[in-house]
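The exercises below are meant to be worked with the sequence and the structure side by side. Try each task before reading the solution that follows.

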Amino acid sequence: MVAERPENRVFGKRAQQHVVILASGDKIRHMTIRPWMAAVTFCFAGMFTVGYLAATSYLVLRDDLIGATMARQARMQHDYEDRISALRAQVDRVTSRQLLDQQVVEEKVEKLMQQQLALSARHGKLDALLNRAENAGATGTAPLTDGTPVVDGRRADAVGAINAIMGATGGAQKKTTQLAYAATNESVADRADRLFSKVTLSLKDLEHEQIDRIQTLTAGASETADAIQAILRRTGFDVTETAAGGDSETAIGGPFVEPVDVTDPFEASINDLDVALDRLDNARRTARKLPFGNPAPASSITSRFGNRTDPFLGRLALHAGIDFRARTGTEIGATGAGTVVVAGRNGGYGNMVEIDHGNGLTTRYAHLSRVLVRVGDHVEASTPIGLSGTTGRSTGPHLHYEVRRDGKALDPMRFLTAGMKLTTYMD
């Protein structure tokens with residue numbers, strides 16, 4: 001027995017089934033359409049419709065999408081190119097500035113090197129003058145250093161400072177790319193200016209130090225020369241007067257050439273020092289030629305220059321020199337450089353030596369027991385010229401010493417006093 005299938009009922013009514021009949025000639029076929037088949041068919045139709053609409057929309061909107069994408073890519077490319085152009089322009093500006101800074105630094109380095117070379121040349125010129133001034137005794141109080149500048153409290157060579165500056169500029173060349181993106185706190189030019197300022201100030205201080213030392217030496221030489229000239233004038237001689245005749249030591253000459261216009265303070269101070277040293281040398285040379293020495297330093301004076309009672313006649317007479325108490329055989333020295341013009345017996349002088357010192361000035365040494373020089377001999381100050389005695393018109397062993405100018409007797413004490421004063425200026 002076949003079980004009865006439960007029939008679909010809707011609210012108690014039987015649902016009617018849909019049947020599709022297909023006729024083809026004598027053949028008739030029918031197919032029952034189930035609900036699920038309708039649903040599947042509807043779903044496939046919906047999906048086809050949605051796909052069709054999507055494909056149609058894509059085909060319609062594809063050109064617009066492609067155009068928008070290409071426009072966006074073009075804008076991005078333009079922005080990228082603009083950024084690259086801006087970076088290149090910034091790099092070019094930094095490079096140009098670096099080149100300008102390097103040119104400025106090179107100019108300053110050249111100027112600094114010229115200053116260094118000038119100071120070195122000046123120091124070379126000073127060596128001879130300083131040695132000459134020290135030999136002349138015209139020393140100053142300010143110390144003189146070499147041509148080396150002081151930077152940050154330390155003595156450093158200008159070449160080292162220049163190398164530091166050039167190293168800074170070389171390092172800046174490597175940082176050009178970084179400078180295109182970020183600015184530094186101190187530029188190369190600022191650093192170079194700072195270093196140049198320190199080195200330049202050091203060179204200026206060194207230059208002022210040299211000039212101050214030169215001026216000190218000039219003042220010392222001038223004061224010494226003035227003092228010697230004042231002493232010589234008090235004895236009746238002038239340096240220009242005694243130097244007018246000239247000799248082999250001061251013989252100079254040459255064609256006349258217009259003087260160089262000296263505007264540099266250092267060159268002017270060098271010239272002033274040279275002139276002052278020449279004055280000092282001339283004054284000392286003149287003083288050494290004049291008879292300012294003592295013929296018998298260990299002997300005392302027994303009779304001075306001037307009128308006195310004659311020891312033989314007992315009446316007033318002029319004593320033309322001064323007498324030194326000296327035992328027989330005491331060595332007598334020349335009081336200055338000159339040429340022997342008399343050497344032997346000379347009347348009341350006994351054995352006498354007369355020395356010509358130039359400029360009409362002569363000295364006489366009388367009553368000698370022995371003469372040690374001959375006529376024509378050239379003697380220097382303190383050169384032994386004889387031994388004391390009592391020859392000639394004499395009452396006992398002593399030295400009679402005279403100073404004459406153009407044959408006229410002068411007081412020898414003026415020369416002895418001047419000689420003692422000149423001692424401090426002649427060394």
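**Exercise 1. Work out what span helix α7 should have from its number of residues, and compare that with the distance between its end C-alpha atoms.**

Solution. The model is a predicted one, and the check starts from the 15 residues of α7, which runs over residues 412-426. The expected span is 1.5 Å times one less than the number of residues, so the helix should cover 21 Å, and its end C-alpha atoms, being 20 Å apart, agree with this. The helix nevertheless has a kink of about 30°, centred on Met-420. At the N-terminal end, Asp-411 acts as a cap, with a side-chain oxygen 3.1 Å from the backbone nitrogen of Met-413. The buried residues of α7 are Pro-412, Met-413, Phe-415, Leu-416, Ala-418, Gly-419, Leu-422 and Met-426. In reading such a list, it helps to recall that an α-helix has 3.6 residues a turn, so residues three or four places apart point the same way.

**Exercise 2. Repeat the span check for helix α6, and state which of its residues are buried.**

Solution. Helix α6 comprises residues 265-289, that is, 25 residues, and from its first C-alpha to its last it reaches 36 Å, close to the 36 Å expected at 1.5 Å a residue. Its buried residues include Phe-266, Ile-270, Leu-273, Leu-277 and Leu-280, and among the others in the buried set are Ser-269, Arg-284 and Thr-286.

**Exercise 3. Find the aromatic pairs in the whole structure, and explain what the pair of Tyr-365 and Tyr-401 ties together.**

Solution. A search of the whole structure gives two aromatic pairs. In one of them, Tyr-365 and Tyr-401 lie 5.4 Å apart, centre to centre, with 40° between the planes, and the pair is therefore classed as tilted. Tyr-365 belongs to strand β14 (residues 361-371) and Tyr-401 to strand β17 (residues 398-405), so the pair ties together parts that are 36 residues apart in sequence. As for their surroundings, Tyr-365 is buried, with a relative accessible area of 0%, and Tyr-401 also counts as buried, at 1% relative accessibility.

**Exercise 4. Describe the surroundings of Thr-363 and of His-400, beginning with the strand in which each residue lies.**

Solution. Thr-363 lies in strand β14 and counts as buried, at 0% relative accessibility. Its side chain makes a polar contact of 2.8 Å with the side chain of His-357, and a polar contact of 3.0 Å joins it to the side chain of Tyr-365. Beyond residues up to four places away in sequence, Thr-363 touches several others, among them Pro-291, Thr-335, Val-353, Tyr-401 and Val-403.

His-400 has its place in strand β17 and is buried, with a relative accessible area of 8%. The side chains of His-400 and Asp-323 are joined by a polar contact of 3.0 Å. When neighbours within four places in sequence are left aside, the contacts of His-400 include His-319, Gly-321, Tyr-349, Arg-364 and Tyr-365.

**Exercise 5. Consider the phi angles of Asn-359 and Ser-382: are they positive or negative, and are the two residues buried, partly exposed or exposed?**

Solution. The background is that most residues other than glycine have a negative phi. Asn-359, although not a glycine, has a positive phi of about 55°. Asn-359 is found in the loop between β13 (351-358) and β14, and is partly exposed, with a relative accessible area of 37%. For Ser-382, phi is near 75°, again a positive value in a residue other than glycine. The place of Ser-382 is in the loop between β15 (378-379) and β16 (384-388), and at 60% relative accessibility Ser-382 counts as exposed, the cut-off for that class being over 50%.

**Exercise 6. Locate Glu-331, and then set out the contacts and totals that describe the chain as a whole.**

Solution. Glu-331 is in strand β11 (residues 331-333). Glu-331 and Ala-296 are 35 residues apart in sequence, while their C-alpha atoms are 7.5 Å apart in space. Apart from neighbours within four places in sequence, Glu-331 is in contact with Pro-295, Pro-384, Gly-386 and Leu-387. For the chain, 69% of the contacts between residues at least 6 apart in sequence join residues at least 24 apart. The chain has seven helices and 18 strands, and of its 427 residues 33% count as buried. It exposes about 27,000 Å², of which carbon and sulfur atoms supply 55%.

Key
Residues numbered from 1 in each chain as written. Predicted model: local features only at pLDDT ≥ 70, side-chain atom pairs only at ≥ 80, totals over all residues. Heavy atoms only, no water. Helix = DSSP H or I, 4+ residues; strand = E, 2+ residues; numbered from the N terminus. Bend = angle between axes of the 7 residues up to and from the residue. Buried < 20%, exposed > 50% of the residue type's maximum accessible area, 1.4 Å probe, protein only. Polar contact = N/O pair within 3.5 Å; in protein donor to acceptor, adjacent residues only side chain to side chain. Contact = heavy atoms within 4.5 Å. Areas by Shrake-Rupley, 256 points an atom, 1.4 Å probe, with all protein chains shown as cover. Phe/Tyr/Trp six-rings, centres within 6.5 Å; stacked < 30°, edge-to-face > 60°.
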